[in-house]
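These are my notebook entries on a single protein model. I took up one loop residue to begin with, then the sheet, then the packing of helices.

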Amino acid sequence: MTGHPLLRVRDLTVGFTTAAGHTDVVKHLAFDLPRGGALGIVGESGSGKSMTSIAIMGLLPKGAKRTGSIELDGRELTTLREREMQAIRGDRIAMVFQDPLSSLNPYYTVGTQIAEAYRSHRTGVTRREARNVAIEAMERVHIRDAARRVDHYPHQFSGGMRQRVMIAMTLSMEPDLIIADEPTTALDVTVQAQILDLLAEIRRDTGAGLILITHDLAVVSEVADQIVVMREGDLVEQGTAERVFCDPQADYTRMLLDAVPRIDDEIGLLRTTSEEDR
Ligand SMILES: Nc1ncnc2c1ncn2[C@@H]1O[C@H](COP(=O)(O)OP(=O)(O)OP(=O)(O)O)[C@@H](O)[C@H]1O
Ligand SMILES: [Mg+2]
């Protein structure tokens, strides 16, 4: 349709001014995400990964100063009004966070929450239709017995299943871009592998672009086809996943890789021994 990538980020800089002075926490970041592509953003704690994702979502805190360009499908997002940006969030870009409990309301059933999220972005949808969308979305993320589980509350699900609920909520909105910020960090390793498989599967089946943010290179290894490595706000290395893993150019990337010496062994082991988290 167009020659635009799904997401095009150029010269993105995010900074804060505090009593101690001004600090840029994201510095001149630039990358493209093709339609249906999967980009991993990797770096240690404090490297600016979350600030990058929050800047894309237009959800930076009040004190933050942002410059540079963020284009979705060729449309500049940084100059949009809050109301226009709201329409883009949820409808076109959706986010999955580390801790699904903080994003789910304990007083409503998961079905109600998925249905309401869906209804808030669509006009003229009945409750019954939205409930069916919720059940379908839960089935798509492999929650067994979805027609019954739809009426359960968040606390009735395990951590891994709650993350599946969050991903179901994201899916029900049919976004073009899913940003997952440390989606598996709070989960144990077996469940991590299942959630990563699920994200990869969703990307394959829906054609949505995916940005996967993590401090753990092992996590992106199977899912991302492009990798951006960040350190203290700087982009230190960027390339295809294969190139970054097999032939890292920056010492920092090598250090991150050394921290996960048995990526292939571990992932292979997890894949063969993992059971459904229920
Ligand atoms: N409101 C704020 N005011 C000032 N500095 C902030 C603010 N929010 C974040 N920062 C700083 O921005 C830097 C980048 O933070 P960010 O949350 O993007 O890191 P991260 O790479 O996501 O780390 P983690 O892996 O721990 O999630 C950090 O040094 C952080 O202290
Ligand atoms: Mg973060």
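Is Thr 184 buried or exposed? I asked this of a model that is predicted. I located Thr 184 in the loop that lies between strand S7 (177-181) and helix H8 (189-206). Thr 184 has a relative accessible area of 2%, and the limit for a buried residue is under 20%. I therefore recorded Thr 184 as buried. I then listed the contacts of Thr 184, leaving aside residues up to four places away in sequence: Gln 192, Ile 195, Leu 196 and Val 219.

**Entry: the sheet**

I turned next to strand pairing. Strand S1 (residues 7-18) and strand S2 (residues 21-33) are antiparallel partners, joined over 9 bridges. With 2 residues between them, S1 and S2 make a hairpin. For the register I noted two positions: Val 9 lies opposite Phe 31 in S2, and Gly 15 lies opposite Asp 24 in S2.

I also followed S1 to strand S4 (residues 64-72), to which S1 is joined by 8 bridges in the antiparallel sense. Here Arg 8 has Glu 71 of S4 opposite. I kept in mind that side chains in a regular strand alternate between the two faces of the sheet.

What is the order of the strands in the open sheet? I read S2-S1-S4-S5, an open sheet of 4 strands with antiparallel pairing. S2 and strand S5 (75-76) are the edge strands, each paired on one side only. Helix H1 (residues 49-57) packs on this sheet and touches S1, S2 and S4. I noted an angle of about 70° between the direction of H1 and that of S2.

**Entry: helix H4 and its cover**

Which residues of helix H4 (residues 110-120) are buried? I wrote down Val 110, Gly 111, Gln 113, Ile 114, Ala 115, Ala 117 and Tyr 118. I then looked for what covers these buried residues, and found helix H5 (127-140), helix H6 (146-149) and helix H7 (159-172) among the covering elements.

**Entry: H5 against H7**

Two of the helices that cover H4, H5 and H7, I examined as a pair. Their axes come within 8 Å and cross at roughly 125°. H5 and H7 are therefore oblique to each other. I recorded the crossing of H5 past H7 as right-handed. H5 contributes Val 133, Ala 137, Met 138 and Arg 140 to the contact, and H7 contributes Ala 168, Leu 171 and Ser 172. By class I entered 5 nonpolar residues, 1 polar and 1 charged for the contact of H5 with H7.

**Entry: H7 against H8**

How do H7 and H8 lie relative to each other, roughly parallel or roughly antiparallel? The axes of H7 and H8 come within 10 Å and cross at roughly 15°. An angle under 35 degrees counts as roughly parallel, so I recorded H7 and H8 as roughly parallel to each other. The crossing of H7 past H8 is right-handed.

From H7, I listed Gly 160, Gln 163, Arg 164, Ile 167 and Leu 171. In H8 they meet Val 191, Gln 194, Ile 195, Leu 198, Leu 199, Ile 202 and Thr 206. The contact of H7 with H8 has 7 nonpolar, 4 polar and 1 charged residues.

I cross-checked two residues against the earlier entries. Leu 171 of H7 takes part in the contact with H5 and also in that with H8. Ile 195 of H8 meets H7 and is touched by Thr 184, the loop residue with which I began.

Notes: Residues numbered from 1 in each chain as written. Chains lettered and ligands numbered in written order. Predicted model: local features only at pLDDT ≥ 70, side-chain atom pairs only at ≥ 80, totals over all residues. Heavy atoms only, no water. Buried < 20%, exposed > 50% of the residue type's maximum accessible area, 1.4 Å probe, protein only. Contact = heavy atoms within 4.5 Å. Pairing = 2+ DSSP bridges. Axes fitted to C-alpha atoms, helices over the stretch in contact; angles between N-to-C directions. Parallel < 35°, antiparallel > 145°, perpendicular 65-115°, else oblique. Left-handed = near helix turned anticlockwise from the far one by under 90°. Nonpolar A, V, L, I, M, F, W, Y, C, P; charged D, E, K, R; others polar.
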